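Welcome, and thanks for bringing your viewer along. Please load the model below and keep the selection panel handy as we go from stop to stop.

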Amino acid sequence: MGNSEVERDEPLTPAGRMFLTPDLHQIIHCIIGCKNPIDVAAFRTGITNSVMIQLPRFSSLMVRSSHGREHWRKTQVDIDRHVIVVEDPISDSRDGDEVNDEEAVNDHVADLSVSSPLSPDKPLWEAHLLRAYNCIIFRIHHTLGDGISLMSMLLECCRRADEPDQRPSIGSVDTSSDPSSNRVKRRRELWKVVVGMLMGLVFIVEFVLRALWVKDKRTAISGGAGVELWPRKLATAKFRLNDMKAVKKAVVDAVYSTTKSCFDLDFYKKKNCLCRRFSNAGKSFSGVFANAGDVIVGLGF
């Protein structure tokens, strides 16, 4: 029994284990809009008979061994647990406008992405049917595939409305039978291959040279070895206006302009406040602050 279980289990790839870490835990959301109302029974039947269920990862549980290793284990898929039907509108302020429907669906997906993780006691995918918006939302964990492979899989599960036996296609390729055009195409393809090989060779040589001799300069904010794996932390710092003068000389003027605008707005508000106070006291405040920018320069910024 143990041997058959080991043969049945499939270990996760390094990329799959990375996507399952709590820091990443990436879920792909695919939104599909439908022209006609969604038939829930037909959708469940189509999913049950589709190629998606035949794929091993879409019909397997992610389990951890006693040593902490993740594996895929084949299981029986319960379609009712994966197909979630939402009958009522998500937003009460829906007025039938298409933009509002789109915003409601986007809000629902945003809420799902932060509040509803995929349950580990079933294969890591779900399909939400928003019948009020004729919309289908597929939630598929990144360990099951990337965006291109998942789109190809979903396209493989669909059929054309005019020809149910034919698979849908995206665009068409212009195939010309002119011999001269075919020769031109072959020459272009050959040239692309040559250019690709030359660029690849240049990239390899540049990479080797940089890896052997070129190093980043050490600065005040340089980290140590493995800095990309250090835990993240939000930090704030206070600095004097005189220090900003040194920063202004070291960076582009855009930073200076942005910071100066912030101080302009702050001093402008303080100036108006002081003007009101002087006016209430019966004194004149004209000519004291001619321009908020003058105050910035006067402070040594």
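How many disulfides does the count come to? The count comes to 0 disulfides. Keep in mind throughout that this is a predicted model.

**Stop 1: the cysteines**

Select Cys30, Cys34 and Cys135, and show their sulfur atoms. A disulfide is a covalent bond between the sulfur atoms of two cysteines. For Cys30, the nearest cysteine sulfur belongs to Cys135 and is 9.3 Å away, and Cys30 is in no disulfide. Cys34 also has Cys135 as the home of its closest cysteine sulfur, at 7.3 Å, which is too far for a bond. Now colour by accessibility: Cys30 counts as buried because its relative accessibility is 15%, under the 20% limit for that class. Cys34, with a relative accessible area of 29%, is partly exposed.

**Stop 2: the whole chain**

Zoom out and switch to a cartoon. The chain's secondary structure comes to 11 helices and 7 strands. Of its 301 residues, 23% count as buried. If you turn on a surface, you will see about 22400 Å² exposed, with carbon and sulfur atoms supplying 57% of that area. A contact map is worth a look too: among contacts between residues at least 6 apart in sequence, 65% join residues at least 24 apart.

**Stop 3: the sheet of 4 strands**

Select β2, β5, β6 and β7. They make an open sheet with the order β2-β7-β6-β5 and mixed pairing. Why is one side of β2 and of β5 left without a neighbour in the sheet? β2 (27–33) and β5 (83–86) stand at the edges and each has a single partner strand, so there is no neighbour on one side. Look along the sheet and you will find neighbouring strands turned by 20° against each other on average, direction ignored.

Next, isolate residues 125–130 and 135–141: these are β6 and β7, paired in the antiparallel sense over 6 bridges. Ala127 has Phe138 in β7 as its bridge partner. Bring back helix α7 (residues 147–157), which packs on this sheet and touches β2 and β7. The direction of α7 makes about 40° with that of β2.

**Stop 4: two nonpolar cores**

Show side chains for Phe43, Ile47, Phe58, Trp125, Phe138 and Ile140. These residues touch the most other members of the largest nonpolar core, which has 28 residues. Elements giving two or more residues to this core are β2, α3 (40–48), α4 (51–54), β6, β7 and α7. Centre on Ile47 for a closer view: leaving aside residues up to four places away in sequence, Ile47 touches Met52, Ile53, Ile79, Trp125 and Phe138.

A second, separate core has 7 residues, among them Val105, Leu130, Tyr133 and Ile137. While you are there, select His108, which lies in helix α6 (residues 98–115). Is His108 buried or exposed? His108 is buried, with a relative accessible area of 14%. Beyond residues up to four places away in sequence, His108 touches Ile90, His128, Leu130 and Ile137.

**Stop 5: the sheet of 3 strands**

Finally, select β1, β4 and β3, an open sheet in the order β1-β4-β3 with antiparallel pairing. Its edges are β1 (10–11) and β3 (60–64); each has a single partner strand, so each has one side without a neighbour in the sheet. β3 and β4 (residues 70–74) run antiparallel and are joined by 5 bridges. To end the tour, click Arg64 and look across to Glu70 in β4, which stands opposite.

Methods: Residues are numbered from 1 along each chain as its sequence is written. This is a predicted model: local features need pLDDT of at least 70, side-chain atom pairs count only at pLDDT 80 or more; totals for chains, interfaces and linings use all residues. Side-chain values use heavy atoms; hydrogens and water are left out. Two strands pair if DSSP finds at least two bridges between them. Axes are lines fitted to C-alpha atoms, for helices over the stretch in contact, and angles run from 0 to 180 degrees between N-to-C directions. Contact means heavy atoms within 4.5 Å. A nonpolar core is a set of buried Ala, Val, Leu, Ile, Met, Phe, Trp, Tyr and Cys residues joined through side-chain atoms within 4.5 Å. Buried means under 20% relative accessible area, exposed over 50%, partly exposed in between (1.4 Å probe, protein chains only). Accessible areas come from the Shrake-Rupley method with a 1.4 Å probe; for residues, only the protein chains shown count as cover. A disulfide is a pair of cysteine sulfur atoms within 2.5 Å.
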